Amino acid sequence: MLSQRVLVIGASRGIGAELVRQYLAAGSQVHATVRDVSEPGELSGLYGDLTRHRLDVRDLHQTAELAAELAGCDIGVAIHNAGIYRGFPRDEIMEVNAAAPIRVVEALLDAGALSSGAAVAIMTSQMGARRGRTDTLGDYGDSKAALNDEFRRRAVDWGRRGVIAVVVHPGWVRTDMGGTSATLSVEESATGIRRVVDSLTQEQHGRFLTWDGREHPW
Ligand SMILES: NC(=O)c1ccc[n+]([C@@H]2O[C@H](COP(=O)([O-])OP(=O)(O)OC[C@H]3O[C@@H](n4cnc5c(N)ncnc54)[C@H](OP(=O)(O)O)[C@@H]3O)[C@@H](O)[C@H]2O)c1
């Protein structure tokens with residue numbers, strides 16, 4: 001299925017920018033968010049049907065603005081990619097990685113921005129998989145675990161509201177975050193994520209999937 005209208009949250013670089021590049025190349029109409037639209041990072045120089053929006057996911061006002069801008073837009077694929085790893089205070093990591101993705105998806109749902117049957121993917125990490133552990137997974141792991149927990153709590157309601165939502169581990173990817181030793185290129189990761197997201201079925205709603213379509217344990 002070709003996704004005609006796509007939204008990528010956090011698209012200035014890394015996996016987010018590559019997702020935008022690939023969806024544009026596939027002929028999709030793409031809405032992409034960056035923190036500063038006058039400095040869109042890797043989005044500058046991309047050709048195609050691309051609309052840039054401003055969003056720092058910590059900012060509630062900007063979140064509401066984005067949702068209002070996209071109201072009625074019939075977004076068929078929404079990918080919340082923005083995330084941070086090391087070198088930030090724990091509170092900020094929790095805010096960006098755990099609280100913001102849930103808040104952004106809820107704002108889009110409330111605004112009627114997503115089409116019926118839309119695919120919603122939130123980028124999580126294998127580092128947030130508790131696998132029964134009750135001790136800390138570190139700031140980053142704890143934030144993605146908290147995201148996963150809240151996602152599972154909201155998934156029933158989101159399903160009733162007509163979307164198919166998953167959390168996705170993108171693999172270990174050579175980006176600013178993943179570093180140069182990572183096993184996957186951004187192209188490989190984004191290609192896999194697109195394949196997974198574009199073919200999501202109702203039965204997969206609420207799951208934790210990997211970039212190459214496998215189910216990941218919580
Ligand atoms: N790379 C990996 O190996 C790996 C593994 C597991 C999970 N992940 C997850 O995959 C996602 C993408 O990772 P990546 O490797 O592409 O990271 P990256 O290269 O560090 O890029 C992160 C993206 O998130 C944006 N962002 C950060 N804080 C933001 C905020 N407050 N508001 C809006 N946007 C914000 C950045 O925008 P700016 O340019 O404005 O900072 C950038 O576009 C993240 O959620 C990450 O946790 C990555």
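Ser189 sits at 0% relative accessibility, and since anything under 20% is called buried, Ser189 is buried. Its home is helix α5, which spans residues 186-198. Keep in mind that this is a predicted model. Below is a quick tour that starts at Ser189 and goes on to the ligand, the cores, the strands and two loop residues.

**Around Ser189**

- Once neighbours within four places in sequence are set aside, Ser189 is in contact with Ile15, Pro170, Val173, Leu184 and Trp211.

**The ligand site**

- There are 30 residues around the ligand, and the ones that come nearest are Ser12, Arg13, Arg35, Tyr140 and Thr175.
- Thr175 puts a polar side-chain atom 2.5 Å from an oxygen atom of the ligand.
- Tyr140 also brings in its side chain, with a polar atom 2.6 Å from a ligand oxygen.
- Gly83 takes part through its backbone: a polar atom there is 3.4 Å from an oxygen atom of the ligand.
- On its own the ligand would expose 890 Å², and the protein buries 92% of that.

**The nonpolar cores**

- The largest nonpolar core has 33 residues, and Val57, Leu114, Phe151 and Trp158 are the ones that touch the most other members.
- Two or more residues of this core come from each of these elements: β1 (5-9), α2 (60-70), β4 (75-80), α3 (90-111), β5 (114-123), α4 (138-160) and β6 (164-169).
- Helix α3 gives the largest share of this core, with 9 residues.
- A separate core of 31 residues lies apart from that one, and its members include Val30, Leu46, Met123 and Val166.
- Back in the largest core, Leu114 is one of the residues touching the most other members.
- Leaving out neighbours within four places in sequence, Leu114 is in contact with Ile75, Ala78, Leu108, Leu109, Val120 and Val163.

**Strands β1, β2 and β4**

- Strand β2 covers residues 29-34 and is mostly tucked away, with 5 of its 6 residues buried.
- β2 runs parallel to β1, and 5 bridges join the two.
- For one concrete pairing, look at Leu7, whose bridge partner in β2 is His31.
- As a general point, side chains in a regular strand alternate between the two faces of the sheet.
- Over in strand β4 you'll find Gly76.
- Apart from neighbours within four places in sequence, Gly76 is in contact with Arg5, Ser115, Ala118 and Ala119.
- If you want a distance to check, the C-alpha atoms of Gly76 and Arg161 are 14 Å apart, with their positions 85 residues apart along the chain.

**Two loop residues with positive phi**

- Asp74 is in the loop between α2 and β4.
- The phi of Asp74 is near 60 degrees, a positive value in a residue that isn't glycine.
- Asp74 has a relative accessible area of 44%, so it counts as partly exposed, the class between 20% and 50%.
- Arg131 belongs to the loop between β5 and α4.
- Arg131 has a phi near 45 degrees, again positive in a residue other than glycine.
- With a relative accessible area of 57%, Arg131 is over the 50% cut-off and therefore exposed.

How values were computed: Residues numbered from 1 in each chain as written. Predicted model: local features only at pLDDT ≥ 70, side-chain atom pairs only at ≥ 80, totals over all residues. Heavy atoms only, no water. Core = buried A, V, L, I, M, F, W, Y, C linked by side-chain atoms within 4.5 Å. Buried < 20%, exposed > 50% of the residue type's maximum accessible area, 1.4 Å probe, protein only. Helix = DSSP H or I, 4+ residues; strand = E, 2+ residues; numbered from the N terminus. Contact = heavy atoms within 4.5 Å. Near = heavy atom within 4 Å. Polar contact = N/O pair within 3.5 Å; in protein donor to acceptor, adjacent residues only side chain to side chain. Areas by Shrake-Rupley, 256 points an atom, 1.4 Å probe, with all protein chains shown as cover. Pairing = 2+ DSSP bridges.
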